[in-house]
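Please follow one sheet of this structure from its centre outwards, together with the helices that pack on it.

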Amino acid sequence: MGTQRNGFKKENYIISVDVGTTSIRCHVYDKEAQIRGSCVTKVNLLYPEPGMVELDPEELWMGFVKVVKGAVQDSGFQMCQMEALGISTQRGTFTTWDRKTGVPFHNFISWQDLRAADLVRSWNNSCTMKALHGVAKALHFLSRNKRFLAASLIVFSTQHVTLRLAWALQNWKRVEAVAQGNCCFGTIDTWLLYKLTKGLVHATDYSNASATGIFDSYQVGFSHVISLNPARDPSPPPPPQMADQQAAMFGECCFDVGDVKITMGTGTFMNINTGSQPHTSVSGLYPVVGWKIGPEVVYLAEGNAADTGTAIKWAQKLGESDRWHIPVMALCRDSGGGTFPRINGRRAPLNDPKACASFMGLKPSTTKSHLVRAILESIAFRNKQLYETMLRETHIPITKIRADGGVGTNDFVMQLTADLFGRKVSRPTRHEMSCLGAAFVAGLGVGYWRSREELKKLQSTDCVFLPRNGYGTADGKMTDQYGQVIQSWERALQRSMNWYSKA
């Protein structure tokens with residue numbers, strides 16, 4: 001496969017972009033999935049008011065263009081040698097813009113934004129939601145249909161687009177254009193596709209849509225609230241797009257039912273492949289579309305913690321410099337009786353947004369090393385909590401576990417996670433799996449790679465962490481080695497819950 005030019009055949013490549021929360025990265029991949037050129041630029045987050053987090057749409061677009069050009073230049077190849085473009089984006093960040101002019105009505109409202117917190121609380125406590133839950137429970141009792149069970153458990157979150165979009169429509173008069181049919185809505189993938197096609201295409205992909213809160217995973221369509229359709233069929237077809245966590249799952253080649261991926265970056269995202277059926281959770285796991293390729297739809301069940309990397313960065317600030325070596329300091333024998341229930345509320349299975357951060361068990365002998373170990377232990381403990389929830393709810397036998405992300409480079413966290421799971425956990429050589437996953441999907445789409453089996457052969461593993469005896473078992477049960485420490489952490493979790501009365 002290549003391009004004929006002046007009698008010489010030039011090799012082609014795949015280019016892929018990952019638009020994250022803090023950076024935009026672009027890589028050029030060859031047939032062996034090796035990176036041949038790269039470029040990265042920073043994402044500038046805007047904080048207009050406390051609790052509000054925004055991004056400038058035009059600045060994001062310019063950053064996208066910059067890294068694509070930069071990566072091709074860094075590779076030493078030509079743009080005409082790029083066989084396909086894949087795009088991975090952060091989820092739940094959206095904007096609206098004028099359909100006629102393409103000018104945004106406002107900045108992107110980030111998935112981290114809390115401006116709709118009051119609206120979320122009001123709706124979750126409303127008579128309407130209580131009535132919905134009651135009717136759905138009754139329908140589930142009569143029909144045993146899992147869709148009704150899902151409806152009986154649904155609650156709004158600030159991470160979902162739903163009520164942040166409602167806030168924007170209520171508070172910004174310029175968005176009154178929606179009544180005139182002149183308002184386009186979209187997440188980051190939609191905006192980039194709109195710009196790439198010069199306004200010809202207004203669409204999203206299944207993986208991003210399923211994380212908005214306005215997409216029905218059971219019907220595989222929007223819940224009659226909003227519709228994103230192409231203005232007209234583009235030529236050539238638009239580039240493949242994926243949400244970041246689903247792209248990372250694809251990059252890890254977790255194609256089979258029971259495959260588990262753990263991404264430990266700014267937050268922790270644990271996903272399990274549930275196959276052709278979405279999982280209905282009673283503990284707060286979220287069903288998302290992993291990917292749709294042709295007629296095949298693959299679903300994932302997802303649990304997350306919002307503060308993994310955040311907790312480590314906070315710990316680093318306690319040191320004398322940014323070079324403070326957390327892995328070295330964590331090698332003290334234990335946490336000195338201290339435990340750290342983490343930051344920023346609780347998600348599945350406790351689901352308490354009012355929970356606070358705390359460090360319990362302080363003694364006169366407590367040192368920074370004890371604090372650091374407690375923080376790193378809490379990441380592994382949270383992984384165990386999510387893993388147990390998945391085992392208990394899905395009843396799907398786990399086939400393999402792969403972990404990536406910046407925090408995943410910490411051997412202490414990885415080893416303890418494997419110990420507590422009682423299963424081996426593999427860490428890939430490459431860390432930016434979202435970008436690789438988007439590249440894989442783009443490459444499959446144009447025949448650059450022929451099959452998923454071929455992709456599996458391209459996997460490279462940096463390290464396999466095998467569980468040590470005396471920590472845990474494959475069914476999630478604890479032995480005495482770490483049982484008491486886990487129990488202390490769980491008690492600390494309970495005592496830190498319901499702390500913020502106005503959360």
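Strand 7 is mostly covered, with seven of its eight residues buried (buried meaning under 20% relative accessible area, exposed over 50% and partly exposed in between, with a 1.4 Å probe and protein chains only). Strands here are DSSP runs of E of at least two residues, and helices are runs of H or I of at least four, both numbered from the N terminus. The model is predicted: local features need pLDDT of at least 70 and side-chain atom pairs count only at pLDDT 80 or more, while totals for chains, interfaces and linings use all residues. Residues are numbered from 1 along each chain as its sequence is written, and side-chain values use heavy atoms, leaving out hydrogens and water.

Strand 7 belongs to an open sheet of five strands in the order 5-4-3-7-13, with mixed pairing; two strands pair if DSSP finds at least two bridges between them. Strand 5 (35–42) and strand 13 (241–243) form the edges, each pairing on one side only.

Strand 7 (residues 82–89) runs parallel to strand 3, to which seven bridges join it. Within this pair, D18 stands opposite S88 of strand 7. Strand 7 is also parallel to strand 13, through three bridges. Here I87 has Q241 as its bridge partner, and T89 stands opposite A243.

Helix 8 (residues 244–251) packs on the sheet, touching strands 3, 7 and 13, and its direction makes about 105 degrees with that of strand 13. Contact means heavy atoms within 4.5 Å. Axes are lines fitted to C-alpha atoms, for helices over the stretch in contact, and angles run from 0 to 180 degrees between N-to-C directions. Helix 6 (residues 188–196) lies across strand 3 (13–19), strand 7 and strand 13, at about 145 degrees to strand 7.
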